[in-house]
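User: Please take a close look at the shell around the ligand. Then set it against the rest of the chain.

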Amino acid sequence: MKTLCILGRQSEISLAELESLYGGDAVTKLNSEVALLSCTPDFSRLGGTQKIAQLFTVIPQKNWNEIERYLVNTLPTQLADMPDRKIHLGFSVYGMHLSLKQLQKTALTAKKALRSTGRSVRVVPNKHLALSSAQVFHNHFTDENGAEIIICKGADNQLYIGKTTAVQDIDAYTARDQQRPKRDAKVGMLPPKLAQTIVNLAVGQLALTDDEATAITVLDPFCGTGVIAQETVLMNYAAYGSDIEQRMIDYTEANLAWLTKAFSLENPHYFTTVADATTHTWGIDFTTIAGEAYLGRPFATTPDQTTLKKVMQDVDTITSKFLKNVTRQTKPDFRLCIAVPAWHVNNAVHHLKTLASLEKLGYTRQSFVHAKTEDLIYRREGQIVARELLVLTRT
Ligand SMILES: C[S@@+](CC[C@H](N)C(=O)[O-])C[C@H]1O[C@@H](n2cnc3c(N)ncnc32)[C@H](O)[C@@H]1O
């Protein structure tokens, strides 16, 4: 079944995640916000896709009046199987220029058409051309009686029309982030969605079934408060967290114990140890490494050149020593994903120097068909220390 994937704010990262899991051929980028996937993904594991829709049809591009006529004629049949209660209807448009007024008019015309078939309908008004994940989630559009219709114009000038089947569970992400007992602003707050993406980029196509998942162990050698370990366990993989600080190991343990209870997990596989990632021999057969390495000092304001240089050097030393240590303990083709800092200072991006010597260290950087590696930098507006996602394979 083909699926429309509505990508996250940083769509390049979302595309790389889809490509990692399902392969470049399975993904078609339709526009900057939407991709078409040739299968149905396991949505709850995706960090970078906001919502997915089952593709109903693909038609040649038309003017909006014709599209409206098409929708009004086809929706009563397409939604005919919905239980005989009130339908919650909404529309989201991607990749097209259209006024909100035109879209509201279409929504009301569609409502009338459905009503004339005896259905009771409520239309959720648009504040923007696309409904937000929060609107979709809180209006229960993915329940039996919800219908968010996606209309997306592709770069091929075709119109892709579908109905949303799943949306990110905003409340569950917030709980995983904010309700855990141990947090620490100093080591940074890795959003759980990004942690999922990092794990997916690391695991790649190794585990597409539940059975395959249970055989996978994901090591986070800089586990901090354990966000990656939490998401790893929720994805049914075994998590191994290590950190140079005992306090961080205590935090990870406390957070994983909380997660087990809060999410009623049966027998989650996780273990932790205090370890310096630049020298430690982990001594277990880990399948991959997914983590957020040491990011250096957080900066709330622009640092001066000397301070920045010193921080960059420190991080460089730890990162390159860590990569050398991993080379010693892994075989060729071993794949990992690690987030490292990239500093945004005065409109310039300063990359970690280690990136220039990856080959010498024994790694190649994974390239993607649908995303440029230099765009895999996760950054909130105004942030100085961004996270550059490195997907590496051992040579
Ligand atoms: C950016 S934080 C990771 C935060 C983590 N993702 C979380 O969920 O909280 C980096 C972590 O690396 C740890 N660290 C720094 N140098 C290290 C080293 N040489 N070996 C292992 N851990 C180290 C720090 O103690 C810190 O917890």
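Analyst: By class, the ligand shell holds 12 nonpolar, 5 polar and 4 charged residues, where Ala, Val, Leu, Ile, Met, Phe, Trp, Tyr, Cys and Pro count as nonpolar, Asp, Glu, Lys and Arg as charged, and the others, Gly among them, as polar. The model is predicted: local features need pLDDT of at least 70, side-chain atom pairs count only at pLDDT 80 or more, and totals for chains, interfaces and linings use all residues. Residues are numbered from 1 along each chain as its sequence is written. In total, 21 residues surround the ligand, and the closest are Phe-222, Gly-224, Thr-225, Val-227 and Ala-277; a residue is near a molecule if its C-beta atom, placed from the backbone, lies within 6 Å of it.

As for the interior, the largest nonpolar core has 102 residues, and those with the most contacts inside it are Ile-198, Ala-202, Cys-337 and Leu-389. Such a core is a set of buried Ala, Val, Leu, Ile, Met, Phe, Trp, Tyr and Cys residues joined through C-beta atoms within 7 Å, buried meaning that 20 or more other C-beta atoms lie within 10 Å of a residue's own. Domain 1 (3–168) and domain 2 (180–394), with bounds from an automatic or database domain assignment, both give residues to this core, so it lies between them. Leaving aside neighbours within four places in sequence, Leu-389 is in contact (C-beta atoms, placed from the backbone, within 7 Å) with Ile-13, Ile-198, Leu-201, Cys-337, Ala-339, Leu-376 and Tyr-378. Across the chain of 395 residues, 41% are buried.

Technical notes:
A residue is buried if 20 or more other C-beta atoms lie within 10 Å of its own, exposed if 12 or fewer, and partly exposed in between; C-beta atoms are placed from the backbone. Two residues are in contact if their C-beta atoms, placed from the backbone, lie within 7 Å.
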